[in-house]
Amino acid sequence: GTAVAARVGMGSIKSSSQPVVERALLVMVTRMLPDSLYEAVSVLAFNKFSGIVSNVALPLQRASLADRPVTDVSFYVNVQTGLYCGLKSYAGNTSCTFAVDPQLEP
């Protein structure tokens, strides 16, 4: 169905070597730049998107850490984008997190 097609599509995007290649090329080209200029070039070179969607499938059964049950799992992805949507499932529960930074939107 649609969910399977979406998962397959996101899997192919996640397995892309493009980010690794772009980063390696940028490092080679900008080795001699001062840090402040390097950061500006990095944002201009790679921040070609306005939103990111992330999906994380965690264990279906509740896990434990140091003999204590893990009741929930949270994560934060620090990206320079105007909109972030993070989907996660853990122990039979699914949640969605949105983060918006209007200063990063055009």
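In this predicted model, the side chain of Lys88 makes a polar contact with the side chain of Asp72, at 2.8 Å. A polar atom of the Lys88 side chain also lies 2.9 Å from the backbone oxygen of Val73. Lys88 belongs to strand S4. Its relative accessibility is 10%. The cut-off for a buried residue is under 20%, so Lys88 counts as buried. Which residues are in contact with Lys88, leaving aside its neighbours within four places in sequence? They are Val56, Leu58, Asp72, Val73, Phe75, Asn93, Thr94 and Ser95. Asp72 and Val73 thus appear both in this list and in the polar pairs described above.

Strand S4 also holds Cys85. Cys85 is buried as well, because its relative accessibility is 11%. Apart from its neighbours within four places in sequence, Cys85 is in contact with Ile52, Val53, Ser54, Cys96, Thr97 and Phe98. Ala99 is 14 residues from Cys85 in sequence. In space, the C-alpha atoms of Cys85 and Ala99 are 6.6 Å apart.

Strand S4 spans residues 83-90. It also takes part in the second largest pocket, where it supplies at least two residues of the lining. Helix H1 (2-14) and strand S1 (51-57) each do so too. Which element gives the most to this lining? Helix H1 does, with four residues. The lining has eleven residues in total. Nearest the centre of the pocket lie Asn55, Val56, Ala57, Leu87 and Ser89. Val56 is also one of the contacts of Lys88. By class, six lining residues are nonpolar, three are polar and two are charged. The volume of this pocket is about 210 Å³. Rolling a probe the size of a water molecule over the atoms reveals where empty space remains.

The protein as a whole has three helices and five strands. How are these elements ordered from the N terminus on? The order is α-α-α-β-β-β-β-β. The protein has 106 residues, and buried residues make up 12% of them. Lys88 and Cys85 are among the buried residues. The protein exposes about 8300 Å². Carbon and sulfur atoms supply 62% of that area. Contacts were also sorted by separation along the sequence. Among those with a separation of 6 or more, 45% join residues 24 or more positions apart.

Definitions and conventions: Residues numbered from 1 in each chain as written. Predicted model: local features only at pLDDT ≥ 70, side-chain atom pairs only at ≥ 80, totals over all residues. Heavy atoms only, no water. 1 Å grid on protein atoms, 1.4 Å probe; cavity = no way out; pocket = protein on both sides within 12 Å on 5 of 7 lines; lining within 4 Å. Points joined across faces, edges and corners; volume = space filled by probe spheres on them. Nonpolar A, V, L, I, M, F, W, Y, C, P; charged D, E, K, R; others polar. Buried < 20%, exposed > 50% of the residue type's maximum accessible area, 1.4 Å probe, protein only. Contact = heavy atoms within 4.5 Å. Areas by Shrake-Rupley, 256 points an atom, 1.4 Å probe, with all protein chains shown as cover. Polar contact = N/O pair within 3.5 Å; in protein donor to acceptor, adjacent residues only side chain to side chain.
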